[in-house]
Amino acid sequence: MIPETLFPFLHALAENNNKAWLDENRFLYLHQEKQLKHCYQYLMNGLNEQDKIERFKIFRINRDIRFSKNKSPYNKHRSVRFIRSGADRRGSYYLR
């Protein structure tokens, strides 16, 4: 389910962590983002067999660099949070 090109893309991003490189590879990034959404939807359906998941949130690839010494603009990983439904169900699932 995870796109085959995701890990080579993330390795290349780690070596070229700048806006110019990502702009050149924006089409590949957006294509992988679409495939990851399908993968996360599949995982959410699987989690719903044992739990009640309301929705998922995909974290942005952009980093918050305001207070960081590392000024690399992009994360070298992808992550998602699966939010449980209902006020009585606290907690969530996080995948990185």
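1. Helices, in the sense used here, are DSSP runs of H or I with at least four residues, numbered from the N terminus. With that in mind, the largest share of the lining of the largest pocket, 4 residues, comes from H3, and the model in which this pocket is found is a predicted one.

2. The largest pocket has a volume of about 190 Å³, and helix H1 (6-15) and helix H3 (26-47) each contribute at least two residues to its lining. By character, the lining residues comprise 9 nonpolar, 1 polar and 2 charged; among them are Leu 6, Phe 7, Leu 36, Tyr 40, His 77, Arg 78 and Arg 96.

3. Arg 78, one of these lining residues, sits in the loop that runs between strand S1 (53-58) and strand S2 (80-84). Its relative accessible area is 8%, and because buried means under 20%, Arg 78 is classed as buried.

4. Which partners does the side chain of Arg 78 have in polar contacts? It is joined to the side chain of Glu 33 by a polar contact of 2.9 Å, while a polar atom of the Arg 78 side chain lies 2.8 Å from the backbone oxygen of Phe 59.

5. When neighbours within four places in sequence are left aside, the residues in contact with Arg 78 include Leu 6, Leu 10, Tyr 29, Leu 36, Tyr 40, Leu 95 and Arg 96, as well as Ile 58, Arg 60 and Ile 61. Of these contacting residues, Leu 6, Leu 10, Leu 36, Tyr 40, Leu 95 and Arg 96 also line the largest pocket.

Notes
Residues numbered from 1 in each chain as written. Predicted model: local features only at pLDDT ≥ 70, side-chain atom pairs only at ≥ 80, totals over all residues. Heavy atoms only, no water. Buried < 20%, exposed > 50% of the residue type's maximum accessible area, 1.4 Å probe, protein only. Polar contact = N/O pair within 3.5 Å; in protein donor to acceptor, adjacent residues only side chain to side chain. Contact = heavy atoms within 4.5 Å. 1 Å grid on protein atoms, 1.4 Å probe; cavity = no way out; pocket = protein on both sides within 12 Å on 5 of 7 lines; lining within 4 Å. Points joined across faces, edges and corners; volume = space filled by probe spheres on them. Nonpolar A, V, L, I, M, F, W, Y, C, P; charged D, E, K, R; others polar.
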